[in-house]
Number of protein chains: 2
Amino acid sequence: MKNTIRKERKKEIISGMYELSRREGLENVSIAKIGKHLGMPPSLVMHYFPNKRLLILGLIDHILHQYQLIYKPIISKLEKNPRVDPELLVERLFSREWNLLFDDGVFFSCYAFIFRDQSIKKEYKNLHVKLRVTLKNLLDKDEVLVSGDTGLLAEKIFVVIEGAYYYLSMMDEAREYDQKLELFKNQVYDLIYAEINRIQSGKGMYSSGG
Amino acid sequence: MKNTIRKERKKEIISGMYELSRREGLENVSIAKIGKHLGMPPSLVMHYFPNKRLLILGLIDHILHQYQLIYKPIISKLEKNPRVDPELLVERLFSREWNLLFDDGVFFSCYAFIFRDQSIKKEYKNLHVKLRVTLKNLLDKDEVLVSGDTGLLAEKIFVVIEGAYYYLSMMDEAREYDQKLELFKNQVYDLIYAEINRIQSGKGMYSSGG
DNA sequence: TTTAATATTGAATGAATATTCAATAAATAA
DNA sequence: TTATTTATTGAATATTCATTCAATATTAAA
């Protein structure tokens, strides 16, 4: 099938672009460099991606797909348990196995596009909403939590996770990194336990909760 | 003084660069464009910033300085109160007055550099640590909170703020934005009230706090 | 005023940029 | 097999890029 080679070539080009961005930074990647990296003339790159914007959109699709994949094994392992084990949940959500698979530099370079490209903004948003829904569904499996506001809890958890990675990316020393990481994990624990407490005491003890 | 004109010219150039980055995106800014924008030959730009890296470092300095300035009036207003009013604190920390003064697009474009430039990473980190220390000092003024772990509380509050702005930047509709914003504000309230409760009950009710 | 340092200009550089085009090779459909 | 579509090549385009340089203007120090 002709479509096969086309799809594979496009994948190959985007993967090459991603590798280059990782090494040299997105701002230093050009069509010629991508071609050289893959051993093809720049005109072939442009045959599949007629302009640079499409190339960037392709890269973003790729990255967001990867980003989603990272959470898949984490979620699927958690899904096997009948109840939500807060400790396990937090451990998995903050696990940085993916650091080897995923480059935050490219991710944030692309993230910056959301401020001047509406369609990129939408793509980013969709992913982030999707992750929250997945977590909500997971929380809903817990017999206690299900009677609370799991959607709200998922939002609260993810805002900590995302804020944490934004901040943790600035850390150099492993010790400091681990220390802060522990702190944010605790912060998520507290969110879960507070929600459980709220449900079991039948009434909100704090201001939040709808 | 000769140094005066030099400093002012450098400022002028960086400001021009910032304006251009805001309008067209950092990746589309060139030395020639900066010169054109300011009515000076590119060679003059390079007289003050002998290469592009220095220009980018200058821009980042500028942005981080601006970012810090945003918090200044917020903090100074809060400092006048003898006790910490959680509602006022949260309202001010999440106030988006600065949106008119500050461009998140340029900020995140520059943020992406931390992953490949150690000195930029350090600069970003310094600023973020500084903001946390400022908040801690503010919390220490409160007669109740001072006997708790205000440093920890400040970390927890900022991770929500930063995660919130990362996520909120993806929102298009004002209603959705406001709704999420409210949610994250509540999340910060809860952190403060939980800490107050913890102190007043003399003992941690959750796992955190040490 | 003379001297030295800095500010500013404008022209020139070669390399890299995205993109176009015509030509050929390969694969598929008729 | 022939016709047609797609894949691939390589050369060419004008433009923009960061950077250099020599020449001049301005300012401050002697």
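Here are some notes on how the two protein chains meet the DNA and on a few of the salt bridges.

1. Before anything else, keep in mind that this is a predicted model.

2. Let's start with DNA strand C. It has 18 residues around it, and the closest are Ser30(A), Ile31(A) and Lys52(A) from one chain, plus Ser43(B) and Tyr48(B) from the other. In terms of helices, chain A brings α2 (31-38) and α3 (42-48), while chain B brings α1 (2-24) and α3 (42-48), and each of these supplies at least two residues of the surface near the strand. By residue type, that surface splits into seven nonpolar, six charged and five polar residues.

3. Which parts of DNA strand C come within 4 Å of the protein, sugar and phosphate or bases? Sugar or phosphate makes up 65% of those atoms, and bases make up the rest.

4. Now zoom in on single contacts to strand C. Two of them go to phosphate oxygens: a polar backbone atom of Ile31(A) sits 3.0 Å from one, and a side-chain N or O atom of Arg9(B) sits 3.1 Å from one. Ser43(B) goes for a base instead, with an N or O atom of its side chain 2.7 Å from a base oxygen of DNA strand C.

5. Next up is DNA strand D, which is surrounded by 19 residues; Ser43(A), Tyr48(A), Ser30(B), Ile31(B) and Lys52(B) are the closest. Of the strand D atoms that come within 4 Å of the protein, 65% belong to sugar and phosphate. Here the helices supplying at least two residues each are α1 (2-24) and α3 of chain A, along with α2 (31-38) and α3 of chain B. The surface near strand D has eight nonpolar, five polar and six charged residues.

6. What does the side chain of Ser43(A) contact on DNA strand D? One of its polar atoms lies 2.7 Å from a base oxygen. Phosphate oxygens of strand D get side-chain partners too: an N or O atom of Tyr48(A) is 2.8 Å from one, and an N or O atom of Ser30(B) is 3.1 Å from one.

7. On to the salt bridges. Side chains of opposite charge can pair when their charged atoms come close. Over all chains, the count is 28 salt bridges. Take Arg132(A) and Glu162(A), whose closest N and O atoms are 2.8 Å apart. Arg132(A) lies in helix α7 (residues 118-140) of chain A and Glu162(A) in helix α8 (residues 150-168) of that chain, so this pair ties together parts that are 30 residues apart in sequence. Both Arg132(A) and Glu162(A) are buried.

8. Another pair to look at is Glu155(A) with Lys180(B), a salt bridge whose closest N and O atoms are 2.4 Å apart. Why does this one join two chains? Because Glu155(A) lies in helix α8 of chain A, whereas Lys180(B) lies in helix α9 (residues 174-200) of chain B. Glu155(A) is buried, at 8% relative accessible area, and Lys180(B) also counts as buried, at 11%.

9. Last, find Arg198(B) and Glu195(B), a salt bridge with its closest N and O atoms 3.0 Å apart. These two are three residues apart in helix α9 of chain B, which means about one helical turn separates them. Glu195(B) counts as buried, with 10% relative accessibility. As for the earlier pairs, salt bridges with shared partners join Arg132(A), Glu155(A), Glu162(A) and Lys180(B) into one network.

Definitions and conventions: Residues numbered from 1 in each chain as written. Chains lettered and ligands numbered in written order. Predicted model: local features only at pLDDT ≥ 70, side-chain atom pairs only at ≥ 80, totals over all residues. Heavy atoms only, no water. Near = heavy atom within 4 Å. Polar contact = N/O pair within 3.5 Å; in protein donor to acceptor, adjacent residues only side chain to side chain. Helix = DSSP H or I, 4+ residues; strand = E, 2+ residues; numbered from the N terminus. Nonpolar A, V, L, I, M, F, W, Y, C, P; charged D, E, K, R; others polar. Salt bridge = Lys/Arg side-chain N within 4 Å of Asp/Glu carboxyl O. Buried < 20%, exposed > 50% of the residue type's maximum accessible area, 1.4 Å probe, protein only.
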